[in-house]
Amino acid sequence: MLANKVRTKGFLLEAVTLVFLILIVLSIPTILKIALKTPIPLATVESSSMIPTLNIGDVVIIVGVNPRDIKVGDIIVFDKVSLIPSKKSALLSLRTPVIHRVISIVEVEGELFFVTKGDANVAKDSWYVPEEGVLGKTVTINGYPLRIPYVGYFSLFLHNFIGR
């Protein structure tokens, strides 16, 4: 009888611990969103446009930023673009966020538009990134983006296998 109570107590303790761990793991994205002040705290590099700085499958840490604090040379993540730098221009939503470097900044009627380019690309991007399209910028250490190599391959596999 005593052995059954001990086993039951041990089982309950393990079950509560497991539920607690699951809740912690599931809350990590929300905690990161709040702590880093961005809707996308982690982003997977999906193309070769940023080689050699970032490689396909790298995961980068993104921090929210006031667009006025972005400088030429920063690597930003964005999901909306404009074909011309104008407040009246229609914004195009991108299917997935893009990670590119800012090569110049244009101010039109008090609003900033960022000209971007992938490090491996020959030409600048054919769009302008408005302030509201910026999701954040990469966290850097000594000027180099903080990246976790290969971890994003799992995410890329799921996106390709399941679809977006």
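Which residues are linked with Arg68 in a network of salt bridges? The partners are Glu107 and Glu131, so that Arg68, Glu107 and Glu131 are linked in one network of salt bridges. The model is a predicted one, and the points below take up its salt bridges, the surroundings of one lysine, its pockets and some features of its backbone.

**The network around Arg68**

- Side chains of opposite charge can pair when their charged atoms come close.
- Arg68 forms one salt bridge with Glu107, where the closest N and O atoms are 3.6 Å apart, and this pair links distant parts of the chain, with Glu107 in strand E4 and Arg68 in the loop between E2 and strand E3 (75–82), 39 residues apart.
- Arg68 forms another salt bridge with Glu131, with the closest N and O atoms 3.4 Å apart, and here too distant parts of the chain are linked, since Glu131 lies in the loop between strand E6 (129–130) and strand E7 (134–138), 63 residues from Arg68.
- Arg68 itself is partly exposed, having a relative accessible area of 42%, a value that falls between the 20% under which a residue counts as buried and the 50% over which a residue counts as exposed.

**The salt bridge between Arg147 and Asp58**

- The structure holds 6 salt bridges, and in one of them the side chains of Arg147 and Asp58 meet at 2.9 Å, N to O.
- Because Arg147 lies in strand E10 (residues 147–148) and Asp58 in the loop between E1 and strand E2 (59–63), this pair ties together parts that are 89 residues apart in sequence.
- The surroundings of the two partners can be described separately: Arg147 is partly exposed, with a relative accessible area of 32%, whereas Asp58 counts as buried at 2% relative accessibility.

**A buried lysine in strand E7**

- Is Lys137, which lies in strand E7, buried or exposed? At 18% relative accessibility Lys137 counts as buried, because the cut-off for that word is a relative accessible area under 20%.
- The side chain of Lys137 is joined to the side chain of Asp74 by a polar contact of 3.4 Å.
- When its neighbours within four places in sequence are left aside, Lys137 is in contact with Ile61, Ile62, Val63, Val65, Lys71, Asp74, Ile75 and Ile76.

**The largest pocket**

- The largest pocket has a volume of about 470 Å³, and among the 20 residues that line this pocket, the closest to its centre are Ile40, Leu42, Ala43, Thr44 and Ser155.
- Several elements contribute to the lining of the largest pocket, for helix H1 (2–36), strand E1 (42–44), strand E4 (91–108) and helix H2 (153–162) each supply at least two residues.
- Of the contributors to the lining of the largest pocket, H1 gives the most, with 4 residues.
- By residue type, the lining of the largest pocket divides into 13 nonpolar, 5 polar and 2 charged residues.

**The second largest pocket**

- The second largest pocket has a volume of about 270 Å³, and of the 14 residues that line this pocket, Glu46, Ser47, Thr96, Pro97 and Val98 are the closest to its centre.
- Which strand supplies the largest share of the lining of the second largest pocket? That share, 7 residues, comes from E4.
- The residues lining the second largest pocket divide into 6 nonpolar, 5 polar and 3 charged.

**Features of the backbone**

- A cis peptide bond, with omega about 10°, joins Ile51 and Pro52, and Pro52 has its place in the loop between E1 and E2.
- Lys37 has a positive phi of about 55° although this residue is not a glycine; Lys37 is found in the loop between H1 and E1, and, with a relative accessible area of 69%, Lys37 is exposed.
- Tyr150 is likewise not a glycine and yet has a positive phi, of about 70°; Tyr150 sits in the loop between E10 and H2 and is exposed, with a relative accessible area of 64%.

Terms used
Residues are numbered from 1 along each chain as its sequence is written. This is a predicted model: local features need pLDDT of at least 70, side-chain atom pairs count only at pLDDT 80 or more; totals for chains, interfaces and linings use all residues. Side-chain values use heavy atoms; hydrogens and water are left out. On a 1 Å grid over the protein atoms alone, a cavity is a set of points where a 1.4 Å probe fits but cannot get out, and a pocket is an open set with protein on both sides within 12 Å along at least five of seven lines; lining residues have an atom within 4 Å of a point. Grid points are joined across faces, edges and corners, and a volume is the space filled by probe spheres set on the points. Ala, Val, Leu, Ile, Met, Phe, Trp, Tyr, Cys and Pro count as nonpolar, Asp, Glu, Lys and Arg as charged, and the others, Gly among them, as polar. A salt bridge is a side-chain nitrogen of Lys or Arg within 4 Å of a carboxyl oxygen of Asp or Glu. Buried means under 20% relative accessible area, exposed over 50%, partly exposed in between (1.4 Å probe, protein chains only). A polar contact is a pair of N or O atoms within 3.5 Å; within protein, one must be able to donate a hydrogen and the other to accept it, and residues adjacent in sequence count only if both atoms are side-chain atoms. Contact means heavy atoms within 4.5 Å.
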